[in-house]
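Here is a short report on one protein model, written for reading beside the structure. Take it section by section, with the viewer open.

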Amino acid sequence: MSNEIASHINALRKEIPSDVTLVCVSKFHPVEAIREAYEAGERHFGESRVQELKTKIPQLPSDIHWHFIGHLQTNKVRDLLKLKPYLIHSVDSERLLQTIQDEAAKLGIIQDVLLEVHVAKEETKSGFAPEEISNFQDQISHCPNIRIRGLMCMATNTDDEAEIRRCFSTLNELSIVNSQFSILSMGMSDDFRIAIACGSNMVRIGSTIFGERTYH
């Protein structure tokens, strides 16, 4: 498996520009697989469950940058912040933003986050409406323990490339208008090439690196 994971990573590196951060989506994959990707040179890993992250962190090198990429419940925020995540991608409501602010203030830390924007056609996907994003300058002045680093989205789950491109282009346009945002997290195993073409500088790739997930 070692050679396989390293081989997948090396192939991806040939496709991903050097200014695009690769987040290896390690959720539901064992510590051994993460260690193999680490030994192949990767340092950014994405998890979606607080308990799973809590279990994995002590078993792996301390210089890993852990990204929280799953839906975050407000009652899990304190536990997550104690783990010192590098970046929380999935801030999808003002309530969650305020909870992160409150808990970060109690812990005396400043937490980096991305705002998740709902650009897909599925109602099941969460996030802020695109038109809400420009209003965050006022809101963030009341959140001194949060740094909003950028935007994140998931494209519509479809084979229609034009629709996927529309989703990513919408987010890119928002990031251009709101120039204070430096990170644009969009693109996964099936659509990262389109995302990069549309301006993404952070992609979240799992199955292309690790193979299909084993769900617990």
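## Backbone turns with positive phi

Lys84 has a relative accessibility of 68%, so it counts as exposed. This is a predicted model. Lys84 sits in the loop between helix H4 (77-82) and strand E4 (87-91). Its phi is near 55 degrees, a positive value in a residue other than glycine. Most residues other than glycine have a negative phi.

Phe28 is another such residue, with a positive phi near 70 degrees. Phe28 belongs to the loop between E1 and H2. Is Phe28 buried or exposed? Phe28 has a relative accessible area of 8%, under the 20% cut-off, so it is buried.

A glycine can be added to the list. Gly41 comes just after H2 and takes a positive phi of about 110 degrees.

| Residue | Phi | Place |
|---|---|---|
| Phe28 | near 70 degrees | loop between E1 and H2 |
| Gly41 | about 110 degrees | just after H2 |
| Lys84 | near 55 degrees | loop between H4 and E4 |

## Strands E1, E2 and E8

Strand E1 covers residues 21-25. E1 is mostly covered, with four of its five residues buried. Two strands are paired with E1 here. E2 pairs with E1 in the parallel sense, over two bridges. E8 (residues 202-205) also runs parallel to E1, joined to it by four bridges.

Now the individual partners. Leu22 has Val203 in E8 as its bridge partner. Val25 has Gly46 in E2 as its bridge partner. Cys24 stands opposite Phe45, also in E2.

Which way do the residues of E2 point? His44 and Gly46 point one way from the strand, while Phe45 and Glu47 point the other way. All of them are buried.

## The aromatic pair

How many aromatic pairs does a search of the whole structure find? The search finds one. Phe45 and Trp66 form this pair, with 6.1 Å centre to centre. Their planes are 45 degrees apart, and the pair is tilted. Phe45 belongs to strand E2 (residues 44-47) and Trp66 to strand E3 (residues 65-68), so the pair ties together parts that are 21 residues apart in sequence.

Both partners can be checked for exposure. Phe45 is buried, at a relative accessible area of 0%. Trp66 has 6% relative accessibility and counts as buried.

## Helix H2 and a charge over a ring

Helix H2 spans residues 31-39. Its buried residues include Val31, Ala33 and Ile34. Glu36, Ala37 and Tyr38 are buried in H2 as well. Tyr38 has a further contact to look at. Arg43 lies over the face of Tyr38, at 3.6 Å from the ring centre.

## The cavity

Next, the empty space. Rolling a probe the size of a water molecule over the atoms shows where empty space is left. The structure holds one cavity of 30 Å³ or more. The largest cavity has a volume of about 40 Å³.

Which residues line the largest cavity? Its lining consists of Glu116, Val117, His118, Val119, Ala120, Lys125, Ser126, Cys153 and Met154. By class, five of the lining residues are nonpolar, two are polar and two are charged.

## Two isoleucines and their distances

Ile110 is in the loop between helix H5 (94-107) and strand E5 (111-116). Ile110 has a relative accessible area of 46%, which makes it partly exposed. From Ile110 to Ser200 is 90 residues in sequence. In space, these two are 25 Å apart, C-alpha to C-alpha.

Ile146 is in strand E6 (residues 146-152). Ile146 is buried, with 6% relative accessible area. Pro58 and Ile146 are 88 residues apart in sequence. Their C-alpha to C-alpha distance is 25 Å.

Conventions:
Residues are numbered from 1 along each chain as its sequence is written. This is a predicted model: local features need pLDDT of at least 70, side-chain atom pairs count only at pLDDT 80 or more; totals for chains, interfaces and linings use all residues. Side-chain values use heavy atoms; hydrogens and water are left out. On a 1 Å grid over the protein atoms alone, a cavity is a set of points where a 1.4 Å probe fits but cannot get out, and a pocket is an open set with protein on both sides within 12 Å along at least five of seven lines; lining residues have an atom within 4 Å of a point. Grid points are joined across faces, edges and corners, and a volume is the space filled by probe spheres set on the points. Ala, Val, Leu, Ile, Met, Phe, Trp, Tyr, Cys and Pro count as nonpolar, Asp, Glu, Lys and Arg as charged, and the others, Gly among them, as polar. Rings of Phe, Tyr and Trp (its six-membered ring) pair if their centres lie within 6.5 Å; planes under 30 degrees apart count as stacked, over 60 as edge-to-face and the rest as tilted. Buried means under 20% relative accessible area, exposed over 50%, partly exposed in between (1.4 Å probe, protein chains only). A charge sits over a ring if NZ of Lys or CZ of Arg is within 6 Å of the ring centre and within 35 degrees of the ring normal. Two strands pair if DSSP finds at least two bridges between them.
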